[in-house]
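Here is a walk through one protein chain. Keep the sequence and the 3D view side by side as you read. We will begin with an open space and work outward from there.

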Amino acid sequence: MIQMIVMDMDGTLLTSDNRISSRTKELLLRVQKQGVRLVLASGRSYCKLMEYAEELHMDAYGGYLLEVNGLILYDLASGKRHIRKQMGRSEMEELFTYFRQWDVEIMAQFDDGLFDYNPESVLKEKAEYRKKHKLSDDYPWTGGAFALLADNRKGYPKIHYINTWEEIDRSINKVSVAYHEDVMAEVSAQAKRDLQDRYWLGLTTPKWLELMPLGITKGSGLTALAEMLDIPMHDVMAFGDGENDIEMLQAAGIGIAMGNAMPEVKAAADEVSSGNNEDGIAEALQKYFTV
């Protein structure tokens, strides 16, 4: 019997315009009333997840957030957060020094903000992008998982533009590296060879690489949460589309890749549903539940 449903956000629960479709929302509300816990498992921190948790009334049904790729377990009913592990100055020095061999954007994220480094060549390209798309002069320089520029102020209101890693003055949840797909394919492949013994690395989209402390993944976070709640892993259903979802899909009793998922994610899953814009989660819920 399925007791817990765990869902990635971007490219999975959310449509391309960052909404939960009305059909998916209705079915998720119904399964909660049948006693199933919902968990939002994302690379995002709680600041970028709470509006969706509130929309689904998850606090009333024992829901949780697996924030920042399993780094933080957030009990929505009590408001308590358990931080498993963060990165400090030594990791920032190593990672910023390493990735500066390429002209790519490097971001170090904390709960409600980020430190953002852009090489001059990338800033120049972003200025042209801003002009071409008629974006305001105060539009942030931060990149996105799907576009060269993205307004992250809602989830990360404290944005600090930096030139060196020494300007980072607090513990960091994750590091993200972003640029064009062809460049990031090279960067990701090389970084995995060089850094995999010290960090978890994975592409969440073809443009966006994330790095976590070694051992911190959505899969390990889900396992820790299931043990805490005394829920057998075979009673867990999980949905995802990116490399950071693979361990989670493999750990769950039923791991479902979205139709828009990366090929390696589909290969790791038990099933493949329709895409995030075609109500893939709702499709699977109708298969496994009477809703």
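Start with the largest pocket, which holds about 910 Å³ of space. Remember as you look that this is a predicted model. The lining of this pocket counts 42 residues. Find D10, N18, R44, A145 and F146, because these lie nearest the centre of the pocket by the calculation. Three elements give two or more residues each to the lining: helix 2 (50–55), strand 10 and strand 11.

What classes of residue line this pocket? Polar residues number 17, nonpolar residues 13 and charged residues 12.

Why does the pocket lie where it does? Domain 1 and domain 2 both give residues to its lining, so the pocket lies between them.

That brings us to the domains. Domain 1 is built from two stretches of the chain, 4–84 and 216–288. Domain 2 covers 89–213. Taken over C-alpha atoms, the centres of the two domains are 25 Å apart. The domains also touch: 20 residues of domain 1 are in contact with 19 residues of domain 2.

Now look at the sheets. One is an open sheet of 8 strands. Reading across it, the order is 5-4-3-2-1-12-13-14, and the pairing is mixed. Strand 5 (80–83) and strand 14 (271–272) stand at the edges. Each has a single partner strand, so one side of each is left without a neighbour in the sheet.

Zoom in on one of these edges. Strand 4 (residues 72–75) and strand 5 run antiparallel, and 4 bridges join them. Which residue of strand 5 stands opposite I72? That residue is I83.

A helix packs on this sheet as well. Helix 6 (residues 218–229) touches strand 1 (4–7), strand 2 (37–41), strand 3 (64–67), strand 4 and strand 12 (236–240). The direction of helix 6 makes about 150° with that of strand 3.

Follow the chain on from helix 6. In the loop between helix 6 and strand 12 you will find M233. Compare M233 with M4: they are 229 residues apart in sequence, yet 9.0 Å apart in space, C-alpha to C-alpha. Leaving out residues up to four places away in sequence, M233 touches L222, T223, A226, A251, A252 and G253.

Turn next to the other open sheet, which has 6 strands. Its order is 8-7-6-9-11-10, again with mixed pairing. Strand 8 (158–161) and strand 10 (199–205) are the edge strands, and each pairs on one side only. On average, neighbouring strands of this sheet are turned by 20° against each other, direction ignored.

Within this sheet, pick out strand 9 (residues 174–178) and strand 11 (residues 208–213). They run antiparallel and are joined by 4 bridges. Here V177 stands opposite L209 in strand 11.

Two helices belong in this part of the picture. Helix 5 (residues 181–195) packs on the sheet and touches strand 9, strand 10 and strand 11. Its direction makes about 165° with that of strand 10. Helix 3 (residues 89–99) lies across strand 6 (105–110), strand 7 (113–117), strand 9, strand 10 and strand 11. Helix 3 runs at about 160° to strand 6.

One last space remains. How many cavities of 30 Å³ or more does a search of the whole structure find? The search finds 1. About 40 Å³ of space lies in the largest cavity. Its lining is made by T12, L13, T15, S21, T24, N276, D279, G280 and I281. By class, 6 of these lining residues are polar, 2 are nonpolar and 1 is charged.

Notes: Residues are numbered from 1 along each chain as its sequence is written. This is a predicted model: local features need pLDDT of at least 70, side-chain atom pairs count only at pLDDT 80 or more; totals for chains, interfaces and linings use all residues. Side-chain values use heavy atoms; hydrogens and water are left out. Two strands pair if DSSP finds at least two bridges between them. Axes are lines fitted to C-alpha atoms, for helices over the stretch in contact, and angles run from 0 to 180 degrees between N-to-C directions. Contact means heavy atoms within 4.5 Å. On a 1 Å grid over the protein atoms alone, a cavity is a set of points where a 1.4 Å probe fits but cannot get out, and a pocket is an open set with protein on both sides within 12 Å along at least five of seven lines; lining residues have an atom within 4 Å of a point. Grid points are joined across faces, edges and corners, and a volume is the space filled by probe spheres set on the points. Ala, Val, Leu, Ile, Met, Phe, Trp, Tyr, Cys and Pro count as nonpolar, Asp, Glu, Lys and Arg as charged, and the others, Gly among them, as polar. Domain bounds come from an automatic or database domain assignment.
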